[in-house]
Amino acid sequence: DRLTSLILTNNRIKQLDDLSDTLPNVENIFLMNNKIADLKEVAKLGSCTKLQRLVLVNNLVTELPNYRINVIARIPSLRILDFNKITQYERKLA
């Protein structure tokens with residue numbers, strides 16, 4: 001319940017679960033160097049209402065067109081994506 005950060009780097013993760021019930025207070029999720037390729041998987045994190053920082057560097061999903069805008073739209077609570085602050089302009093586009 002009190003866990004606020006998940007570091008899941010280098011784990012060959014392809015799919016994600018809805019973490020809102022099991023980790024309601026998660027604020028930071030680091031998923032660098034995994035195998036996430038689909039925005040639908042990332043969208044599952046949208047139910048984590050306290051999620052502020054998400055890192056998906058070195059996942060196939062980051063190569064999709066409009067990746068950043070799509071992730072920002074799906075996870076409204078995010079403030080930082082891939083170590084870069086989300087701008088007002090990006091939020092408006094999302």
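A salt bridge is taken here as a side-chain nitrogen of Lys or Arg within 4 Å of a carboxyl oxygen of Asp or Glu. By this criterion, a search of the whole structure, which is a predicted model, yields two salt bridges.

One of them links the side chains of R68 and E90, with an N to O distance of 2.6 Å. R68 belongs to helix α2 (residues 67-74) and E90 to helix α3 (residues 88-93), so this pair ties together parts that lie 22 residues apart in sequence. R68 and E90 are both buried. The other salt bridge is formed by the side chains of E41 and K44, at 2.9 Å from N to O. Here E41 is buried, with a relative accessibility of 10%, whereas K44 is partly exposed at 32%.

The strands of the model are arranged in an open sheet of five, in the order β1-β2-β3-β4-β5, with mixed pairing. Strands β1 (5-7) and β5 (84-85) occupy the edges and have a single partner strand each, so one side of each remains without a neighbour in the sheet. β1 runs parallel to β2 (residues 28-30), and three bridges join these two strands.

Within this pairing, S5 has N28 of β2 as its bridge partner. The side chains of S5 and N28 also make a polar contact of 2.9 Å. N28 is buried, its relative accessible area being 10%. Beyond its neighbours within four places in sequence, N28 is in contact with T4, S5, L6, L51 and R53.

Terms used: Residues numbered from 1 in each chain as written. Predicted model: local features only at pLDDT ≥ 70, side-chain atom pairs only at ≥ 80, totals over all residues. Heavy atoms only, no water. Pairing = 2+ DSSP bridges. Helix = DSSP H or I, 4+ residues; strand = E, 2+ residues; numbered from the N terminus. Buried < 20%, exposed > 50% of the residue type's maximum accessible area, 1.4 Å probe, protein only. Polar contact = N/O pair within 3.5 Å; in protein donor to acceptor, adjacent residues only side chain to side chain. Contact = heavy atoms within 4.5 Å.
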